[in-house]
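Please find below a short note on this model, set out as numbered points. The salt-bridge criterion comes ahead of the fold.

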Amino acid sequence: MTRPELRPLTSVRGIFAWAVVAYHIRLAMVGWAPASVVDAMGHGYLAVDIFFILSGFVIWLNYGDRLSGRAAIADFLVRRLARIWPLHATMLGFGLAVALALLLTGRAIPDLPLPMLPLHLLMIQDWGFSDALQWNVPAWSISAEWAAYLLAPLVALCLSRRPLSTLTLIATAALPLLLLFLLLQGSGERFSISEYGTPRCLGEFFCGAAVSRLWMRWRGDRVAEALCWLVGTLLFASWWWGAPETLALPFAFATLLLALALGAERPRHILSGRAIHWLGEISYATYLSHYLLFFAFKLAFVRDAGNVPPGQIAAYLLIVLVASAGLYHLVERPAQRTILRAWRARRTPTPQGTPASA
């Protein structure tokens with residue numbers, strides 16, 4: 001059984017899913033939006049780092065102390081597959097429909113290559129099989145997350161329930177971020193996702209798992225919470241003042257996430273409201289749907305992809321919101337329940353003397 005939800009962490013997913021949306025539409029707004037706004041939207045890609053750290057945090061919180069033994073690992077992987085694959089496959093189906101429509105009208109589809117589709121369906125497209133982002137571009141992170149889930153039992157082995165000192169836990173959280181920084185040295189801030197995306201996810205996922213253990217140790221500690229806010233803010237400021245992005249920001253995100261989690265159980269938290277929490281609940285649908293929806297929207301309604309009028313941008317954002325809600329309630333959740341129901345039925349032994357159904 002999973003632990004109680006920390007509602008502000010869910011809400012944060014919604015906020016940063018829309019930051020990714022802003023990142024992908026910014027170049028369509030350069031004709032009328034202030035340059036400072038477009039530049040700010042250009043940092044939306046950093047939301048993915050928060051997702052990876054948060055994923056490690058939540059996975060450890062819910063499964064970390066139970067990820068041992070073949071049955072437990074199989075159950076974990078089926079649950080994660082049920083969570084991420086149905087919506088991913090649905091959006092690939094939408095992309096395939098767009099690709100076929102383009103082919104039938106005699107247009108090229110360089111961003112939707114049919115031979116690469118099986119890799120995307122298997123969620124292994126970011127494992128070094130391609131040097132370009134194709135099909136549903138944001139799903140590269142889903143491929144990286146799937147790799148992290150497959151390696152999660154090893155993470156659990158490293159972060160087992162044996163007693164670890166606080167200093168050891170802090171070092172365990174910091175080490176993968178330091179290794180990631182060394183790996184990315186010389187690659188620049190906008191490093192190749194195809195080359196470094198999965199290592200980026202694995203390092204931050206492991207960090208998030210260690211941060212989750214720190215949360216368990218410091219839960220309810222207001223002094224620790226205040227210190228995390230202070231340290232995280234200083235780390236974020238160091239990036240603003242010129243520290244390397246690939247060093248300062250992952251540490252800042254991990255520390256600020258821990259601070260948020262330490263205060264998440266406080267009554268009437270500002271990020272626990274119903275509306276913002278709902279945005280977090282549908283955030284996976286927002287994240288996975290927005291890119292292909294914008295691709296199709298521009299094909300259908302936009303004459304100049306570099307200068308989409310404000311009214312059309314507003315219409316597109318409304319479409320994303322409505323589609324996110326529909327995909328969450330009509331595809332994501334029902335498919336997840338169906339897969340888990342079938343998995344439980346398969347694992348439940350047939351009572352002796354009762355014939356198995358055909």
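1. A salt bridge here is a side-chain nitrogen of Lys or Arg within 4 Å of a carboxyl oxygen of Asp or Glu. R219 and E265 form such a bridge, with their closest N and O atoms 2.5 Å apart. The pair links distant parts of the chain, 46 residues apart: R219 sits in the loop between α8 (193-218) and α9 (222-240), and E265 in the loop between α10 (245-262) and α11 (274-281).

2. On the basis of the values: this is a predicted model, in which local features need pLDDT of at least 70 and side-chain atom pairs count only at pLDDT 80 or more, while totals for chains, interfaces and linings use all residues. Residues are numbered from 1 along each chain as its sequence is written, and side-chain values use heavy atoms, with hydrogens and water left out.

3. On the fold: the chain has 13 helices and zero strands (DSSP runs numbered from the N terminus, helices being H or I of at least four residues and strands E of at least two). The radius of gyration is 21 Å, close to the 21 Å that the globule rule gives for 358 residues, so the chain is as compact as a globular protein of that length (the radius is taken over C-alpha atoms, and the rule is 2.2 Å times the number of residues to the power 0.38). Along the principal axes, the C-alpha atoms fill a box of roughly 70 × 60 × 40 Å.

4. On burial: 51% of the 358 residues count as buried (under 20% relative accessible area, with exposed over 50% and partly exposed in between, for a 1.4 Å probe and protein chains only). Both partners of the bridge in point 1 are partly exposed, R219 at 48% relative accessibility and E265 at 42%.

5. On a second bridge involving the α10-α11 loop: R266, in that loop, pairs with E225 in helix α9, 41 residues apart. Their closest N and O atoms are 2.5 Å apart. R266 is partly exposed at 31% relative accessibility, whereas E225 is buried at 9%.

6. On a bridge within one helix: the side chains of R79 and D75 meet at 3.0 Å, N to O. The two residues are four apart in helix α4 (residues 70-104), and therefore separated by about one helical turn. R79 is partly exposed at 28% relative accessibility, and D75 is buried at 15%. A search of the whole structure finds five salt bridges.
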